[in-house]
Amino acid sequence: MFTGIIESVGTLRKIERLGDDIRLNVASNKLDLSDVRLGDSIATNGVCLTVVECLSDGYVADISAETVSLTGFAKYQVGTRVNLEKAVTPTTRLGGHMVSGHVDGVATVDDRQYRGKAIEFWLSAPAELARYIAHKGSITIDGVSLTVNEVQDNRFRLTIVPHTATETTLESLKAGDKVNIEVDLIARHLERLMTYTNKETQPESNVTMDLLARSGFLR
């Protein structure tokens, strides 16, 4: 589990194709790896990857064909910069929102404009994911926890403050770029509660409806 608060920006220094899978060698830059062990998870551009080899200045991780098909890793190249976050511990500040690192798909940057010192982005999400994106809800972009400021059909607007821009890869995004997105976990669970049918179950409870209303998914 992660929070979407990026700890460092790393670089892909080697990409090895293993059939439909990929093995990555990631230079971790300033990320502290002293407490990372084999089998630990590191979110790499929002994708939860398992460390299969620990290096003095980075790590090696494998990416399955399933993950490759749902993320931007198929098009990444040596030298690509990636946002890094280690998995949370019981004492970690939860400064963002609950992020699983299981990327749902890829969105496209439609537009980039400055508003004051902040950067505003409009992005287009795949139609099948748009229903999970709510005004003032949370979304993860390349591993970064962000607030959705406006929604228009399958398009949504984000505002990136200067600190977030400079401490992540978001500052370099431009129109046409693709980003990994993970929608809010709560939205997915609420949908499951609303759509699950069983002859022995009762209609949706008032608790479920109330949660949906408060979360902005009933409009």
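**Exercise 1. Determine how strands S2 and S5 pair, and place the pair in its barrel.**

Solution. Step 1: strand S2 covers residues 21–27 and strand S5 covers residues 58–63; strands here are DSSP runs (E, at least two residues), and helices are runs of H or I of at least four residues, each numbered from the N terminus. Step 2: the two strands are antiparallel and share six bridges, where pairing requires that DSSP finds at least two bridges between the strands. Step 3: Leu 24 has Ala 61 of S5 as its bridge partner. Step 4: the pair belongs to a closed barrel of six strands in the order S1-S2-S5-S4-S3-S6, with antiparallel pairing. From one strand to the next, the twist averages 45 degrees (axes are lines fitted to C-alpha atoms, and angles run from 0 to 180 degrees between N-to-C directions).

The model is predicted: local features need pLDDT of at least 70, side-chain atom pairs count only at pLDDT 80 or more, and totals for chains, interfaces and linings use all residues. Residues are numbered from 1 along each chain as its sequence is written, and side-chain values use heavy atoms, with hydrogens and water left out.

**Exercise 2. Characterise the surroundings of His 97.**

Solution. Step 1: His 97 sits in the loop that links strand S6 (81–86) to strand S7 (105–115). Step 2: His 97 counts as buried because its relative accessibility is 13%; buried means under 20% relative accessible area, exposed over 50%, and partly exposed in between (1.4 Å probe, protein chains only). Step 3: the side chain of His 97 makes a polar contact of 2.7 Å with that of Ser 145 and one of 3.3 Å with that of Thr 140. A polar contact is a pair of N or O atoms within 3.5 Å; within protein, one must be able to donate a hydrogen and the other to accept it, and residues adjacent in sequence count only if both atoms are side-chain atoms. Step 4: neighbours within four places in sequence aside, the contacts of His 97 (heavy atoms within 4.5 Å) include Phe 2, Gly 4 and Asp 184.

**Exercise 3. Describe the largest nonpolar core.**

Solution. Step 1: this core has 25 residues; a nonpolar core is a set of buried Ala, Val, Leu, Ile, Met, Phe, Trp, Tyr and Cys residues joined through side-chain atoms within 4.5 Å. Step 2: among the residues with the most contacts inside it are Leu 123, Phe 156 and Ile 160. Step 3: S7, S8 (118–124) and S12 (178–183) are among the strands that each supply at least two of its residues. Step 4: a separate core of 20 residues includes Val 36 and Tyr 59.
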